[in-house]
Amino acid sequence: MNFKCYFVLTLLLLIVIPGKAQDNQSEKERNERIEWFREARFGMFIHWGLYSATEGEWKGKTTPALGEWIQNTLKIPEKDYVTLVDKFTLAHYNPDAWAAMAKNAGVRYVVITSKHHDGFSLFPSKVSDFNITLTPYKKDPLKELIDACHRQGLKFGFYYSHRQDWHEEAASYAKKEYNNHFGKPKNQVKADLDKYIKEKAIPQVRELLTNYGPIDLIWFDTPLDLTKEQSQAFVDVVRQIQPKCLINGRVGYNLGDYGPLGDNEIPCCRAQSDLEMVATMNNTWGYKKSDNNWKSPQNILGSLLECASRGVNYMINIGPKADGIVPQPSIDILNFVGNWMHTNSEAIYGTTGNPFNDNFPWGYVTRKGHDLYLLLNQKPIDNKIVLKGVKGKLLSAKLLNDGKLLKTDFGNELYIRVPLLDYTKIPVIKLSFDSMKELTFTPKNFEYEGIIDIPAVTGKAVSVSTDAENEESVQNDFIGMATKGKKGIRFATGGYTENFNGKTGKLMFSCEVDAPGKYEVRLYTNRHHSRSFTEGTQITLTIGKTQFNHILLKQNAEIANTRQHSYPDSWSRVGYVTFNKSGEQTLLLSVDKLGRFSVVGKVGEDLTREVDNSLRLTKIELRKVE
Ligand code: GLC
């Protein structure tokens, strides 16, 4: 090695090693912080504020959008909005009842809006007069709730809208509200944002972290156009005052302790990182009298199980009324979930999600060490469950509700004989494997009940051209979700492809076919609820020797999934393929041309057509038809 080499090596060591050590250290700290969150799996969100007092109506008009956005949507002038303090009475507020309700539902942590986008603080604040002391309630409801939650052994977090604050001119954001409350064009006030952050947002976060003892989680929202430095300033203040407090992903720029997902977005496959899915019971977060579109209790329970099977936390929202009364349907839903949790919660707490690549037709799988839990929402064909690619020593298979042992047969594949069950109750089978023997799962896409489900994330990017350098996606996605910077095809936290277009390469998949025959080939994509299905997209797919060239994707059906209504899935038929023999098949997918979507506006509003920048693939599915 010559001198030059030594020099370069030393330089490299100097640069790389301290960085690595720091990374390891911060990852170690993150792992310690997030331990309770991984164990908890189930949380309860509370949206409560002045908007609750409008019940979703203003001067006889019902807001067409989310309850907590009413000021913005209906352009309520600030001078009128502030009068709502008289109606925010909290007359029947019973924090102990809320905490007990959460606890009985099986919830392990509670997060409440300490200040939402309207800028009103639910706590006495020295920083801003626009706070709870203006209301008839003379106490600090957040302090009372924390104490009540702690009495129930629940973890506690504050939601804090760190970028939007419609009470402050400098922190207003959405166009619609601009010409309304403040009458100034956006570019004239934007420069003051830093001042708002320094003088209101950060000092209030400081108050929240200083005045209430240990806080387990700070939940930021809508980073919008914050700079990285501004997001970092929020992280810094939390770390400085309470280093053990978790920070959610919506702080921006992936600076949180866990990744962000959209509202009501269930990832379509196993999560690749720590995530939390936040969900509404109807369509709104803040109380809205006219929103009676309640999801069924079975549906909400289904979301909890689906999230757990993806390795994702589930936080379900309640929107109490201004007097503190929780809508009855919310109470009923929480009771229903609690009932199931009472018998089966060990299949949720501390689990790590489905270890197989596959989704199963009969329900979901979670795992805890050497135990697997099968959560059955449907009868398996012939009352027989098959699991492929698992190796280990099975000790027992039993029903969680009555401990009854089930018959099994474990050769190459594991067969479990299922007795007559009431699938509306989502029975759970616990499989216990010997912890002294290795338990492994072959990461293949197998066929189950005639369906081969091939999640997008199991694809490998191939033939990336040198000009794959695509423009970086920007951070200021509405809720701070867009991943940044990585070239080529990548996967969103929700599991669908990002940056997948003609320039960024192809995706290669493989799957195992059980038996020769004819299969229908379907391609699944999802969309953001504010966009239409993308029309005009063309793909080329090769399966073994069969080529589907330049197939124009049509929307054959949109999947009615009320659970993840913010990200509807559609499937498109690519064609039919015939396999002459069983065994492994290779698939290669490329995008020839991207189509256009419409921005879905309100009725009567002009729709803007935009060219898409990526095929949002969630999975490919092969369904045996003959
Ligand atoms: C969105 C909305 C906000 C709501 C939040 C819940 O960011 O702007 O009103 O509180 O989602 O996740």
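A residue counts as near a molecule when one of its heavy atoms lies within 4 Å of it. Keep that cut-off in mind for the first exercise, and remember throughout that you are working with a predicted model.

**Exercise 1. The ligand shell**

Task: Find which residues come nearest to the ligand, say how the shell divides by residue class, and list polar side-chain atoms that lie by ligand oxygen atoms.

Solution.
- Step 1: Start with the shell. There are 14 residues around the ligand, and H47, E68, W69, H116 and D263 come nearest.
- Step 2: Sort the shell by class. It splits into 6 nonpolar, 4 polar and 4 charged residues.
- Step 3: Look for polar partners. In the side chain of W69, an N or O atom is 2.9 Å from an oxygen atom of the ligand. H117 places a polar side-chain atom 3.0 Å from a ligand oxygen, and D221 likewise has a polar side-chain atom 3.0 Å from an oxygen atom of the ligand.
- Step 4: Check how covered the ligand is. On its own the ligand exposes 310 Å², of which the protein buries 98%.

**Exercise 2. A strand with two partners**

Task: Work out which strands pair with β26, in what sense, and over how many bridges.

Solution.
- Step 1: Locate β26 at residues 538-543 and ask about its cover: 5 of its 6 residues are buried, which makes the strand mostly covered.
- Step 2: Take the partner β27, residues 546-552. The two strands pair in the antiparallel sense over 5 bridges, and I539 stands opposite I551 of β27.
- Step 3: Inspect the turn. The hairpin of β26 and β27 has 2 residues between the strands, and G544 there adopts a positive phi near 55°.
- Step 4: Move to β30, residues 583-593. It pairs with β26 in the antiparallel sense too, over 6 bridges. Here Q538 has K593 as its bridge partner.
- Step 5: When you inspect side chains, a general rule is handy: in a regular strand they alternate between the two faces of the sheet.

**Exercise 3. Positive phi outside glycine**

Task: Describe where E55 and K59 sit, and decide whether each is buried, partly exposed or exposed.

Solution.
- Step 1: Recall the background. Most residues other than glycine have a negative phi.
- Step 2: Read the torsions. E55 has a phi near 55°, and K59 has a positive phi of about 50°.
- Step 3: Place both residues. E55 belongs to the loop between α2 (50-54) and β2 (57-58). K59 belongs to the loop between β2 and β3 (61-62).
- Step 4: Apply the cut-offs: buried is under 20% relative accessible area and exposed is over 50%. E55 has a value of 24%, so it is partly exposed. K59 reaches 71%, so it counts as exposed.

**Exercise 4. Three further positions**

Task: For D225, L134 and N335, give the surrounding element, the degree of exposure, and a contact or distance.

Solution.
- Step 1: D225 lies in the loop between β6 (217-220) and α10 (228-241). Its relative accessibility is 15%, so D225 counts as buried. The side chain of D225 makes a polar contact of 2.6 Å with the side chain of R163.
- Step 2: L134 is found in the loop between β4 (109-115) and α6 (141-151). With a relative accessible area of 41%, L134 is partly exposed. Beyond its neighbours within four places in sequence, L134 contacts V85 and D129. The C-alpha atoms of L134 and P124 are 9.2 Å apart, with the two residues 10 apart along the chain.
- Step 3: N335 is part of helix α12, residues 328-344. Its relative accessibility of 49% makes N335 partly exposed. Its C-alpha atom is 5.8 Å from that of A105, although 230 residues separate the two along the chain.

**Exercise 5. The whole protein**

Task: Summarise the protein by its secondary structure, burial, contacts and surface.

Solution.
- Step 1: Count the elements: the protein has 12 helices and 33 strands.
- Step 2: Check burial. Of its 626 residues, 55% count as buried.
- Step 3: Consider contacts between residues at least 6 apart in sequence. Of these, 73% join residues at least 24 apart.
- Step 4: Finish with the surface. The protein exposes about 27100 Å², and carbon and sulfur atoms supply 51% of that area.

Definitions and conventions: Residues numbered from 1 in each chain as written. Predicted model: local features only at pLDDT ≥ 70, side-chain atom pairs only at ≥ 80, totals over all residues. Heavy atoms only, no water. Buried < 20%, exposed > 50% of the residue type's maximum accessible area, 1.4 Å probe, protein only. Helix = DSSP H or I, 4+ residues; strand = E, 2+ residues; numbered from the N terminus. Pairing = 2+ DSSP bridges. Contact = heavy atoms within 4.5 Å. Areas by Shrake-Rupley, 256 points an atom, 1.4 Å probe, with all protein chains shown as cover. Polar contact = N/O pair within 3.5 Å; in protein donor to acceptor, adjacent residues only side chain to side chain. Nonpolar A, V, L, I, M, F, W, Y, C, P; charged D, E, K, R; others polar.
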